[in-house]
There are 2 protein chains.
Amino acid sequence: MPPDPLPGSPDDPPEDGLGLRETKKRQTRIAMHRAAVELVAEHGFTQVTVEMIARKAGVSTRTFFNHWVTKDAAVLGVVPGEAVQLSQQLRAQLEVASPRDALRAVLRDVLAGIPADPELRELKKLVMTKEPHLHTISSGNLIEVQSELVEVLSEGMLDEGMEPEDARLCAAIVVQVGFALTRSAFGLSMTRGLDLPSAYDRVLELYDGGLREV
Amino acid sequence: MPPDPLPGSPDDPPEDGLGLRETKKRQTRIAMHRAAVELVAEHGFTQVTVEMIARKAGVSTRTFFNHWVTKDAAVLGVVPGEAVQLSQQLRAQLEVASPRDALRAVLRDVLAGIPADPELRELKKLVMTKEPHLHTISSGNLIEVQSELVEVLSEGMLDEGMEPEDARLCAAIVVQVGFALTRSAFGLSMTRGLDLPSAYDRVLELYDGGLREV
DNA sequence: TGCACTATTTCAGCGAGTGCAATTTCTGTG
DNA sequence: CACAGAAATTGCACTCGCTGAAATAGTGCA
């Protein structure tokens, strides 16, 4: 990744890697995201309408929904269409690691991929504590991702000689727990000022060290 | 209009314990729930409007929303206002059990409290597999319950001499994982024809036996 | 420069969910 | 039994999230 995809640059140093079109798209997406977070931080989730966000970002409400599946998604910054990509990564990881660790590696990558703008995080922290319902981390497409991963995992478990009935259930449990830990990491990252991967590591550390038995 | 919303009981054997008012309320609630599940099973979640459900249950759409927080809630049969009650139960359990087991006991009670009409469950099974987004088990008020329980748990952990910073995080993790396992149990109960408590026990069994290390 | 492609916009509309005020239905009391 | 008060149900009007379709504008490429 080239050094600077961020608001620092006033005019356009022409090239970064992907077309001008794509960068512009990114910019407006980021603009909407920022607008959403800022407005929600100030007025509260329900008080903010999509129209406000769109106006503040300088787009129509329709383009808002062209970029984000839902209002929550915009606030959380969740971009759609990651499911397939993730399941491929998971398949790759399964070659070299146990199901649990493979899943962890993938999830950790996801967290690491989320840009860590400290100012934005500060705002998000505010938002998340005031709007607990956002902790679902996007009901919508997350489920899709989950079932995708369960699919891949149970395949892997079958190959290791597990009984087909159990494989699916075990896969489901592992994924559910994996996501639960990820959510905890999210929460931690919000309440303290931690970056996501560190928070994730901390959670795993606590979980693996005896916490299960508490 | 009192024609006949209920198949089971032709007339009213007068007393059961709570007032006539309350029983009627229950009846209509169940009627709505059934209607919701049946319609969604047949036509799919998005194709079914609240108006359809309400009409089929013989009520106005307005009363529908007097009973259910949301359309999902009606399909899942999630009744609001359980948060306080649960946290009290949890507090009681904490007197006699470890945080983890206390939480498990409470959650198991919740599952056991959900009536196990086999016909309804069969329908739900259909619905859940066709509408994966419902697996969130109600984004809305569930979160409220969660944070309530986290609160109680972290208090308990403080009393046991944990450091305040860790207490909250650990509580959050325990609750998240606890709910994750519950969700798995839900899934299991749907895909096989299991009743909820059995499914829950099975999940715990698998989880506690080495699954964590997989 | 011109053509194909795609992001954006406008517009019209559906359906979920809410507040309010009117009305009906139960319950406890004298 | 009658009656007052509580609670449940309802109709109505309204806001807002979200979508489809078609028109328009902006970009990348030959």
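Which exposed residues does the face of α7(B) turned away from its buried side carry? The legends below refer to a predicted model, and the second of them gives the answer.

**Figure 1. Fold of chain A.** Chain A of the predicted model comprises ten helices and zero strands. Along the sequence the elements run α-α-α-α-α-α-α-α-α-α. Of the 214 residues in chain A, 45% are buried. When contacts in chain A are taken between residues at least 6 apart in sequence, 61% of them join residues at least 24 apart.

**Figure 2. Helix α7 of chain B and its two faces.** Helix α7 of chain B covers residues 118–130. At 1.5 Å a residue, its 13 residues should span 18 Å, and the separation of 19 Å between the end C-alpha atoms agrees with this. The buried residues of α7(B) are L120(B), R121(B), L123(B), K124(B), V127(B) and M128(B). These residues cover an arc of only 160° around the axis, and therefore lie on the same side of α7(B). The face turned away from that buried side carries P118(B) and T129(B), both exposed. This pair answers the opening question.

**Figure 3. Packing partners of helix α7 in chain B.** Three helices of chain B pack against the buried residues of α7(B): α1 (20–43), α4 (71–76) and α9 (164–191). The contact with α9 can be followed from M190(B), which is placed in that helix. M190(B) touches R121(B), K124(B), K125(B) and M128(B), leaving aside residues up to four places away in sequence. Among the buried residues of α7(B) are R121(B), K124(B) and M128(B).

**Figure 4. Surroundings of M190(B).** Is M190(B) buried or exposed? The relative accessible area of M190(B) is 7%, so the residue counts as buried; the cut-off for this class is under 20%. The C-alpha atoms of M190(B) and E122(B) are separated by 7.7 Å, although the two residues are 68 residues apart along the chain.

**Figure 5. Interface between chains A and B.** In the contact between the chains, 33 residues of chain A meet 33 residues of chain B. The buried area between chain A and chain B is about 3200 Å², and carbon and sulfur atoms give 64% of this area. Between the two chains there are four salt bridges. Seven residue pairs are in polar contact between chain A and chain B, both residues being at pLDDT 80 or more. On the side of chain A that touches chain B, at least two residues each come from α6 (99–113), α8 (139–159), α9 (164–191) and α10 (196–208) of chain A. Which helix supplies the largest share of that side? The largest share, 14 residues, comes from α9(A).

**Figure 6. R202(B) and its two salt bridges.** Across the interface, the side chains of R202(B) and D166(A) form a salt bridge, with an N to O distance of 3.1 Å. Within chain B, R202(B) forms a salt bridge with E205(B), where the closest N and O atoms are 3.6 Å apart. R202(B) and E205(B) are three residues apart in helix α10 (residues 196–208) of chain B, so about one helical turn separates them. R202(B) has a relative accessible area of 26% and is partly exposed, whereas E205(B), at 54% relative accessibility, counts as exposed.

**Figure 7. Salt bridge between helices α8 and α5 of chain A.** The structure holds 26 salt bridges over all chains. In one of these, the closest N and O atoms of E155(A) and R91(A) are 3.0 Å apart. The pair links distant parts of the chain, as E155(A) is in helix α8 of chain A and R91(A) is in helix α5 (residues 83–94) of chain A, 64 residues apart. Both partners are partly exposed: E155(A) has a relative accessible area of 34%, and R91(A) has a relative accessibility of 40%.

**Figure 8. Salt bridge between D101(B) and R100(B).** The side chains of D101(B) and R100(B) meet at 3.2 Å, N to O, in a salt bridge. D101(B) counts as partly exposed at 33% relative accessibility. R100(B), with a relative accessible area of 18%, is buried.

How values were computed
Residues numbered from 1 in each chain as written. Chains lettered and ligands numbered in written order. Predicted model: local features only at pLDDT ≥ 70, side-chain atom pairs only at ≥ 80, totals over all residues. Heavy atoms only, no water. Helix = DSSP H or I, 4+ residues; strand = E, 2+ residues; numbered from the N terminus. Expected span 1.5 Å × (residues − 1). Buried < 20%, exposed > 50% of the residue type's maximum accessible area, 1.4 Å probe, protein only. Arc of directions from axis to C-beta. Contact = heavy atoms within 4.5 Å. Buried area = accessible area lost by both parts, 1.4 Å probe. Polar contact = N/O pair within 3.5 Å; in protein donor to acceptor, adjacent residues only side chain to side chain.
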